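Q: Could you take one part of this model and walk me through it closely? I'd like its shape, its packing and whatever sits around it.

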Amino acid sequence: MNILRTLFFILFIFFLGNVAITQKFAFVDSEYILDQMESYQKAQKQIDDLAAEWQKELDQKMKDIESKVNELRKNELILPEDIKNDKELEISNLQDELRAYQTKKFGVGGDLFKKRKELIQPIQRKVFKAIESLAKDNNYSFVLDKSKNSNILYADPKYDKSDAIIRKLKK
């Protein structure tokens with residue numbers, strides 16, 4: 001019984017070794033690939049410019065609100081109660097508008113998110129298709145990504161196929 005178990009274990013290890021040997025893998029750095037693409041750089045600049053413009057508008061709205069708050073604080077002791085209440089309501093409405101604007105532009109599903117999806121997603125699809133093509137052409141079972149949030153703790157540079165993807169994209 002022990003001999004049968006040992007024999008089974010040896011065959012199992014041999015089988016796993018053969019499976020692991022027949023599977024080819026590579027890795028890429030998608031962030032590096034995207035940074036090398038002019039279309040990505042242009043799209044990213046367009047997004048950054050748009051975000052800066054909207055942030056400028058937000059900053060101006062905040063300054064306007066801050067100015068109104070300071071004016072109210074300076075004069076609140078001499079203002080009649082009804083005017084004071086009107087100014088507080090105006091400030092509250094402006095703050096609500098500011099939050100709505102901020103959410104509309106920068107929130108999840110907001111204008112910036114939509115613009116990023118519109119401009120970046122086609123580029124990402126193109127990169128994915130190039131990776132897929134490289135994997136099929138070279139019979140890779142796995143292509144891993146080593147950019148920012150990957151779980152690859154070590155990768156031998158000889159398996160890095162990022163430059164091959166860039167060459168494929170430039171064709």
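**A close look at helix 5**

A: Helix 5 has a kink of about 35° at Ile 120, shortly before the proline Pro 122. (The bend at a residue is the angle between axes fitted to the seven residues ending there and the seven starting there; helices are DSSP runs of H or I with at least four residues, strands are E runs of at least two, and both are numbered from the N terminus.) Bear in mind that the model is predicted, so local features need pLDDT of at least 70 and side-chain atom pairs pLDDT 80 or more, while totals for chains, interfaces and linings use all residues. Numbering runs from 1 along each chain as its sequence is written, and side-chain values use heavy atoms, leaving out hydrogens and water.

What about the span? With 27 residues at 1.5 Å each, helix 5 should cover 39 Å, and its end C-alpha atoms are indeed 39 Å apart; the expected value is 1.5 Å times one less than the number of residues.

Now the packing. The kink residue, Ile 120, is among the buried residues of helix 5, along with Leu 112, Leu 119, Ile 123, Val 127, Ala 130, Ile 131, Leu 134 and Ala 135. Buried here means under 20% relative accessible area, exposed over 50%, and partly exposed in between, with a 1.4 Å probe and protein chains only. These buried residues pack against strand 1, strand 2 and helices 2, 3, 4 and 6. From helix 3, Gln 44 touches both Arg 116 and Ile 120, setting aside residues up to four places away in sequence; contact means heavy atoms within 4.5 Å. Gln 44 and Arg 116 are 72 residues apart along the chain, yet their C-alpha atoms are separated by 8.0 Å.

Helix 5 also helps line the largest pocket: together with helix 2, it gives two or more residues to the lining. Val 127 and Ile 131 are on that list, as are Gln 124 and Phe 128, plus others including Tyr 40 and Lys 148. The lining divides into five nonpolar, two polar and three charged residues.

Past the end of helix 5 comes Asn 139, in the loop leading to strand 2. Asn 139 isn't a glycine, but its phi is positive, about 55°. Most residues other than glycine have a negative phi. Asn 139 is also exposed, with a relative accessible area of 58%.

Notes: On a 1 Å grid over the protein atoms alone, a cavity is a set of points where a 1.4 Å probe fits but cannot get out, and a pocket is an open set with protein on both sides within 12 Å along at least five of seven lines; lining residues have an atom within 4 Å of a point. Ala, Val, Leu, Ile, Met, Phe, Trp, Tyr, Cys and Pro count as nonpolar, Asp, Glu, Lys and Arg as charged, and the others, Gly among them, as polar.
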